[in-house]
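Okay, everyone, thanks for coming. Let me put the structure up, and then I'll walk you through it.

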Amino acid sequence: MLNWLLAALNLLLLIGLWSYGLLAYGQLPDRIPVHFDLQGNALAWGPKSSLLQVLLIFSGLVAFIVALSALILRDARLTGLNVPHKGLPPSARQEALSVV
């Protein structure tokens with residue numbers, strides 16, 4: 001249950017990020033800085049569509065991490081976890097896995 005709540009929170013934050021990015025897109029200049037040095041000086045400039053590329057890459061990364069964690073947790077076994085009392089009854093085993 002906790003895993004789905006965290007996935008829903010990720011989705012909500014991603015929707016908020018896209019909303020903010022698309023609302024700000026119209027106010028951006030045609031050329032925006034896309035790369036900076038350690039002092040914060042712009043080293044490279046690009047079109048404002050670079051913002052959309054960053055949002056797409058970030059969305060793909062979030063989707064990959066959520067899908068990978070869902071696959072890992074679906075196949076999780078209590079015997080593979082380093083927890084005391086591995087000989088737990090099935091109800092306690094499910095409770096222990098729901099926290100992970």
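Let me start with a definition: rings of Phe, Tyr and Trp, taking the six-membered ring for Trp, count as a pair if their centres lie within 6.5 Å. With that in mind, how many aromatic pairs does a search of the whole structure find? Zero. There is a charge over a ring, though: Lys-48 sits over the face of Tyr-25, 4.9 Å from the ring centre.

I should say right away that this is a predicted model. The mean pLDDT of the chain is 83, and 79% of the residues reach 70 or more. Which elements are at the two ends of that scale? Strand S2, residues 42-47, has the highest mean pLDDT of the elements, at 94, and helix H3, residues 90-99, has the lowest, at 70. As a general reminder, where pLDDT is low, the predicted coordinates should not be read in detail.

Now the overall layout. We've got three helices and two strands, and reading along the sequence you go α-β-β-α-α. Of the 100 residues in the chain, 13% are buried. And if you take the contacts between residues at least 6 apart in sequence, 35% of them join residues at least 24 apart.

On to the strands. S1, residues 31-36, and S2 run antiparallel, with five bridges joining them. One of the residues to look at is Ile-32, whose bridge partner in S2 is Gly-46. The hairpin has five residues between the strands, and Gly-40 there takes a positive phi near 90 degrees. Asn-41 is also in the loop between S1 and S2. Is Asn-41 buried, exposed or partly exposed? Its relative accessible area is 44%, so Asn-41 is partly exposed. Not counting residues up to four places away in sequence, Asn-41 touches His-35 and Phe-36.

Next, helix H2, which covers residues 50-74. I'll go through a few of its residues in order.

Ser-50 is in H2, and a polar atom of the Ser-50 side chain lies 2.8 Å from the backbone oxygen of Pro-47. Why do we call Ser-50 buried? Because its relative accessible area is 13%, and the cut-off for buried is under 20%. So what does Ser-50 contact, leaving aside neighbours within four places in sequence? Ile-32 and Val-34. And Ile-32, remember, is the residue bridged to Gly-46.

Further along H2 we come to Leu-56. This one is exposed, because its relative accessible area is 55% and the cut-off for exposed is over 50%. Leu-56 and Trp-18 are 38 residues apart along the chain, and their C-alpha atoms are separated by 9.2 Å.

Then there's Ser-59, also in H2. Ser-59 has 16% relative accessibility, so this serine counts as buried. Which residues does Ser-59 contact once you leave aside neighbours within four places in sequence? Leu-14 and Trp-18.

Val-62 is in H2 too, and with a relative accessible area of 17% it's buried. Beyond residues up to four places away in sequence, Val-62 touches Asn-10 and Leu-14. So Leu-14 comes up in the contacts of Ser-59 and again in those of Val-62. There's also a C-alpha distance here: Val-62 and Ala-7 are 9.4 Å apart in space, with their positions 55 residues apart in sequence.

Let me finish with helix H1, residues 2-25, where we find Asn-3. How exposed is Asn-3? Partly, because its relative accessibility is 27%, which falls in between the cut-offs of 20% and 50%. Asn-3 and Ala-70 are 67 residues apart along the chain, and their C-alpha atoms are separated by 8.1 Å.

To pull that together: an α-β-β-α-α chain, an antiparallel S1 and S2, and H2 residues such as Ser-59 in contact with Leu-14 and Trp-18. When you look at H3, keep in mind that its mean pLDDT of 70 is the lowest among the elements. That's what I had, so over to you.

Technical notes
Residues are numbered from 1 along each chain as its sequence is written. This is a predicted model: local features need pLDDT of at least 70, side-chain atom pairs count only at pLDDT 80 or more; totals for chains, interfaces and linings use all residues. Side-chain values use heavy atoms; hydrogens and water are left out. Rings of Phe, Tyr and Trp (its six-membered ring) pair if their centres lie within 6.5 Å; planes under 30 degrees apart count as stacked, over 60 as edge-to-face and the rest as tilted. A charge sits over a ring if NZ of Lys or CZ of Arg is within 6 Å of the ring centre and within 35 degrees of the ring normal. Helices (H or I, at least four residues) and strands (E, at least two) are DSSP runs, numbered from the N terminus. Buried means under 20% relative accessible area, exposed over 50%, partly exposed in between (1.4 Å probe, protein chains only). A polar contact is a pair of N or O atoms within 3.5 Å; within protein, one must be able to donate a hydrogen and the other to accept it, and residues adjacent in sequence count only if both atoms are side-chain atoms. Contact means heavy atoms within 4.5 Å. pLDDT is the predictor's confidence in each residue, from 0 to 100. Two strands pair if DSSP finds at least two bridges between them.
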